[in-house]
Amino acid sequence: MTSTERQIAPQRGVETNGINTIAESERKGRARSLFWPWFGANVSVLGIGYGSFVLGFGISFWQATLVGIIGIVVSFVLCGIIALAGKRGSAPTMVLSRATFGVRGNRVPAVLSWVLTVGWETALTSLAVLATSTVFTELGWDGGVATKIVALIVVAALIVAAGVIGFDFIIKLQFWITIVTAVLTVIYIILALPHIDLAIVGALPAGNPQAMIGALVFVMTGFGLGWVNAAADYSRYLPRSARSSGVVGWTAFGASLAPVVLLVFGLLLAGSSTKLSGAIGADPIGALTQILPVWFLIPFALVAVLGLVGGAVLDIYSSGLALLSAGIKIPRAAAAGIDGIVMIVGAVVVVFFATSFIAPFQAFLVTLGTPVAAWCGIMIADVILRKKQYAEADLYTTRGRYGDVRWLPILLIVVGTALGWGLITNSYGVPEWLNWQGYLLEPFGLGGRTGPWAYANLGVLLSLLIGFFGILIFGREAIRRQEAIPVQAEAVRDAVDAFRE
């Protein structure tokens, strides 16, 4: 059998696919199958904690509800658009990005993507450990160092194991995580309903437009913009015949449904109690146990940990792919293992040494969210402008149509980040070493680091727009030239087969 006739058999056990394109024989399912991994990754009670985070911008319940829903839905629609690239090219997100940045030029966003996803893994793992410790303490058991260590070992083992085994296992795991966490989350909402005081919530004072913008940006970076760099990693297994509208719709719907419900409920809960709202800043999930009956504490720990694991599993899978896309030549499973080690080290720092969660978390979101927003804008424009399928073989060679390094998108990330960081600040002042941010607020007449626009974090939105319009205006011709080159089918299959071997 010639190299052009070989087919890769469906995988069993540990997934051997890495950053290669997926063989035709492995492309399966329908667009609606994307609902389960995206819903499972976002049906976390952390969404309730966001209610306190958003109200922390000093806005009313109705303002927070408006910006929360818009921020969640719009940011996940961006994920859905980028997921289209996975269906068209059947490769991971950070490989498809090579069509825009060049094969080696793409190492810049690949490294950025790796840092972002590992950061999210660390945050979610830390929250799972803190929640377990708090539940044990509420039950009168020892929630100290020993409990945290055991919890970290168990949670990390589950996340790393799923990341190493790969796609098929993750899809099955996400299905069951979705069912269990959805049921237990509904029970939690029912139990917590008596603690909502609509009169107090309705009396929350309204904030200014700058505060609403700041809350909107925070929600976008905390939800969809935290996933855009992995959006095509699951749609790449779909057949090319899958409906594009379905890919966008099911990705956005699956990812948005739970966060919208949980955020609105979190707003009602946090708005009813300043004590609870303040406690969420230190331990966003553990603090929610304060209003639970003792008999539901163990089920709550289960739903909290599973929800966080569901998100971390998708992150560690994608972070491994990002590491490979950056040029590290090791098996995908080994890359996931390396990411797991980094995740554990980071979680140890957060769990055992950090005095607050929300302070470094927000700093992490807006700081990394700025260059990621630029990449997102670039990728969205690229996907919109492309009319044909990706030339798969050329994604793996610097001599192909996508080239070695394309400087326009790299320049857009640099400019978007430089301007963006100049227009963001960390509203919590932690960590102090980021206090240099916001250096353009005074020159741009926005009142400086203490003015009304200081916490609007306009830099993230500006960076997104710079990336989008930069490619839409100046990158159109390069994409047209790429797509004008005919694809030789036999040569493509030979090149892809050679890469797999």
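Helix α3 is mostly covered: 22 of its 29 residues are buried. Buried means under 20% relative accessible area, exposed means over 50%, and partly exposed lies in between (1.4 Å probe, protein chains only). Helices are DSSP runs of H or I with at least four residues, numbered from the N terminus. Helix α3 covers residues 61-89. The expected span of a helix is 1.5 Å times one less than its number of residues. For α3 that gives 42 Å, and the end C-alpha atoms are 43 Å apart, which agrees. Ser90 follows α3, and its phi is positive, near 55°.

This is a predicted model, in which local features need pLDDT of at least 70 and side-chain atom pairs count only at pLDDT 80 or more, while totals for chains, interfaces and linings use all residues. Residues are numbered from 1 along each chain as its sequence is written, and side-chain values use heavy atoms, with hydrogens and water left out.

**Salt bridges**

A salt bridge is a side-chain nitrogen of Lys or Arg within 4 Å of a carboxyl oxygen of Asp or Glu. By this rule the structure has 5 salt bridges. The table lists some of them.

| Acidic residue | Basic residue | N to O distance |
|---|---|---|
| Asp404 | Arg104 | 2.7 Å |
| Glu392 | Arg240 | 2.2 Å |
| Asp394 | Arg401 | 2.7 Å |

Take the salt bridge of Arg104 and Asp404. Arg104 sits in the loop between α5 (98-101) and α6 (107-138), and Asp404 in the loop between α16 (358-385) and α17 (407-421), so the pair ties together parts that are 300 residues apart in sequence. Arg104 is partly exposed, at 43% relative accessible area. Asp404 is also partly exposed, at 25%.

Next come Glu392 and Arg240, which form a salt bridge too. This pair links distant parts of the chain, 152 residues apart. Glu392 is in the loop between α16 and α17, while Arg240 is in the loop between α11 (232-235) and α12. Glu392 is buried, at 10% relative accessibility. Arg240 is partly exposed, at 26%.

Are Asp394 and Arg401 buried or exposed? Both residues of this salt bridge are buried.

**Aromatic pairs**

A pair of aromatic rings is described by the distance of the centres and the angle of the planes. Rings of Phe, Tyr and Trp (its six-membered ring) pair if their centres lie within 6.5 Å. Planes under 30 degrees apart count as stacked, over 60 as edge-to-face and the rest as tilted. The structure holds 19 aromatic pairs. One of them joins Trp250 and Phe253: the ring centres are 6.0 Å apart and the planes stand at 75°, so the pair is edge-to-face. Both residues belong to helix α12 (residues 244-272). They are 3 residues apart there, which means about one helical turn between them. Trp250 is partly exposed, with a relative accessible area of 32%. Phe253 is partly exposed as well, at 43%.

Phe468 and Phe469 make another edge-to-face pair, 5.1 Å centre to centre with 80° between the planes. Phe469 is partly exposed, at 41% relative accessible area.

Which residues form one aromatic cluster? They are Tyr50, Phe53, Phe57, Phe76, Phe218 and Phe223.

**A nonpolar patch**

Trp250 and Phe253 also appear in a nonpolar surface patch of about 340 Å², together with Leu257 and Val261. Patches are made of residues with over 30% relative accessible area and no salt bridge; like charges are joined within 9 Å, and nonpolar side chains (Val, Leu, Ile, Met, Phe, Trp, Tyr) within 5 Å. Accessible areas come from the Shrake-Rupley method with a 1.4 Å probe, and for residues only the protein chains shown count as cover. Leu257 lies in helix α12. Leu257 is partly exposed, at 34%.

**Cysteines**

How many disulfides are there? The count is 0. A disulfide is a pair of cysteine sulfur atoms within 2.5 Å. The sulfur of Cys79 has its closest cysteine sulfur in Cys376, 7.3 Å away, too far for a bond. Cys79 is buried, at 0% relative accessibility. Cys376 is buried too, at 0%.

**A loop residue**

Gln290 is found in the loop between α13 (274-282) and α14 (297-325). Gln290 is partly exposed, at 42% relative accessibility. Its C-alpha atom is separated by 43 Å from that of Met379, and the two residues are 89 residues apart along the chain.

Methods: Helix = DSSP H or I, 4+ residues; strand = E, 2+ residues; numbered from the N terminus.
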